[in-house]
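Subject: A structure for you to look at

Hi,

Here is the structure I promised to send over. Have a look at it first, and then read on for my notes.

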Amino acid sequence: MAAESLSTLSADEVRQWFHTQVPLEDFRDQKVLLIVPDATRTAPLPLLFGALFDRLRPVVQNLDVLIALGTHPPMSEQQICKLLGIAHEEREKLFFQTRFFNHEWDNPDRLTTLGVLTSQQTAEITDGRLSLDVPVQINSRIDDYDVLLVLGPVFPHEVVGFSGGNKYFFPGIGGPDILNFFHWLGALITNVGIIGVKDTPVRRVVDLSASMIHQKRRAIKFVVAADASLYGLFYGTPESAWSEACAISGKAHIKRFDRPFHTVLSCAPPMYDELWVAGKCMYKMEPVVADGGELIIYAPHMHEVSVTHGKLIEEVGYHVRDYFVKQWDRFKHYPWGILAHSTHVRGTGTFSDGIEKPRVKVTLASGIPEEICHRINLGYRDPATIDIESFANREDEGVLLVRKSGEHLYRLNEA
């Protein structure tokens, strides 16, 4: 079933869904922490947050909001209000009791340890790829609440298979050890091997880690159309709601083709303002790029590799997985999440006898200067020299234009 055959919900239908499908008894007289994505995901959060607030605020003790940043930069209160659709005058009146928090992944004082994934557990979950003890840490603010409620979309995802569910706890509000561990696990499996797959070793790590949380966990998961309308909403545990949403995302967000393309112009939307997130323009497209082909990430608005991790990424560069695996003593002291990001952007390839051979040429057409592109081992094109429309309607020639890249997965049909 293609996305075109799926119907979307009207705003009134969405509000009615909250009224009938979110049970008040799960939240009555409880302190509730709502966990939401930042602005790097397509989601009609103003509509959803408004409907949820109207439903729950009359019956709960507290309803506060924590932004599941992972390692993304923190948001200002003004940015959070915009994200949630709260006007200035509403913030001071209707929402004055609601507190907003950013996750602080790099602040040890804001983390609490839930337990440890043992080396025996990690070896079993990862099919022997990794065997080590991993501390499971999470934002300590959860200790102030009775219910943790996740509100977020589900998309195909390069590290975990499909985003959403317990991923809003890890890495959303998790500590660096568990984050680095499972991101590198995803890199070992590879983007192409894991993206759009529901049951993955990384998902098992995330779910096992979340099972250590003592608070009641609930989730509202949803599947977003290209115009930010919704194909469906699902309430339940993070596991059950996520599973139902995956079934729809697998139909709505995966586009299939019979043949690969030698040239792909992958246009990053404005919400991807650094390569740390704009790398999704490669992740989602890699399966349909031909061997030796070129993928161009077109993002004239992008001027940063990463606000948080840029210095280390410039030291490491972008390389195929085996470049790191076969030189592990040289790179193992770097955060594994950075190494994982590097391999996902560079894509699959080989490293043998000191020679790296990526399968795909990855080129940035952005505000990142040419010398930095070369330093980090990526190609460069001046975005001013690119005429987007010259790439359009040329699929028969092996040229593909994706006008808003990063959320829909492109995959070849099975032979």
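Below is what I found, going from the sheet to the helices and then to a few single residues. Keep in mind that this is a predicted model.

The sheet

Let's begin with the open sheet, which has 6 strands in the order β3-β2-β1-β6-β9-β10, with mixed pairing. Which strands stand at the edges? They are β3 (100-102) and β10 (230-236); each has a single partner strand, so one side of each is left without a neighbour in the sheet. On average, neighbouring strands here are turned by 20° against each other, if you ignore direction.

For a look at one pair, try β1 (residues 31-36) and β2 (residues 62-67): they run parallel and are joined by 6 bridges. One of the residues to click on is V36, whose bridge partner in β2 is I67.

Two helices go with this sheet. Helix α3 (residues 77-84) packs on it and touches β2 and β3, with a direction at about 110° to that of β3. Helix α9 (residues 238-252) lies across β9 (216-224) and β10, and runs at about 10° to β9.

A pair of helices

When two helices pack, people describe them by the angle between their axes and the distance between those axes. For helix α6 (residues 176-189) and helix α8 (residues 201-210), the angle is about 160° and the axes are 9 Å apart. Angles over 145 degrees count as roughly antiparallel, so that is the word for α6 against α8. Their crossing is right-handed.

What kinds of residues make up this contact? The split is 9 nonpolar, 2 polar and no charged. From α6 you have I178, F181, F182, L185, G186 and I189, and they meet P201, V202, V205, V206 and S209 in α8.

H183 and a cis bond

H183 is also part of helix α6. Is H183 buried or exposed? Its relative accessible area is 16%, and the cut-off for buried is under 20%, so H183 is buried. Leaving out residues up to four places away in sequence, H183 touches V159, P171, G337 and A340.

P171 deserves a click too. You'll find P171 in the loop between β8 (161-162) and α6, and the peptide bond leading to P171 from F170 is cis, with omega near 15°.

V402

Next, go to strand β18 (residues 399-402), where V402 sits. V402 has a relative accessibility of 3%, so it counts as buried. Which residues does V402 touch, not counting those up to four places away in sequence? They are L265, S266, C267, M285 and Y410. F18 is 384 residues from V402 along the chain, and the C-alpha atoms of the two are separated by 34 Å.

Two loop residues with positive phi

Most residues other than glycine have a negative phi, and most peptide bonds are trans. D127 has a positive phi of about 55° although it is not a glycine. Look for D127 in the loop between α5 (119-125) and β5 (134-139). The relative accessible area of D127 is 56%, so D127 is exposed.

D353 also has a positive phi, near 55°, and is a residue other than glycine. D353 belongs to the loop between β14 (349-352) and β15 (355-358). With 76% relative accessibility, D353 counts as exposed.

That's my tour. Have fun clicking around!

Cheers

Conventions: Residues are numbered from 1 along each chain as its sequence is written. This is a predicted model: local features need pLDDT of at least 70, side-chain atom pairs count only at pLDDT 80 or more; totals for chains, interfaces and linings use all residues. Side-chain values use heavy atoms; hydrogens and water are left out. Axes are lines fitted to C-alpha atoms, for helices over the stretch in contact, and angles run from 0 to 180 degrees between N-to-C directions. Helices (H or I, at least four residues) and strands (E, at least two) are DSSP runs, numbered from the N terminus. Angles under 35 degrees count as roughly parallel, over 145 as roughly antiparallel, 65 to 115 as roughly perpendicular and the rest as oblique. A crossing is left-handed if the near helix is turned anticlockwise from the far one by less than a right angle, and right-handed if clockwise. Contact means heavy atoms within 4.5 Å. Ala, Val, Leu, Ile, Met, Phe, Trp, Tyr, Cys and Pro count as nonpolar, Asp, Glu, Lys and Arg as charged, and the others, Gly among them, as polar. Two strands pair if DSSP finds at least two bridges between them. Buried means under 20% relative accessible area, exposed over 50%, partly exposed in between (1.4 Å probe, protein chains only).
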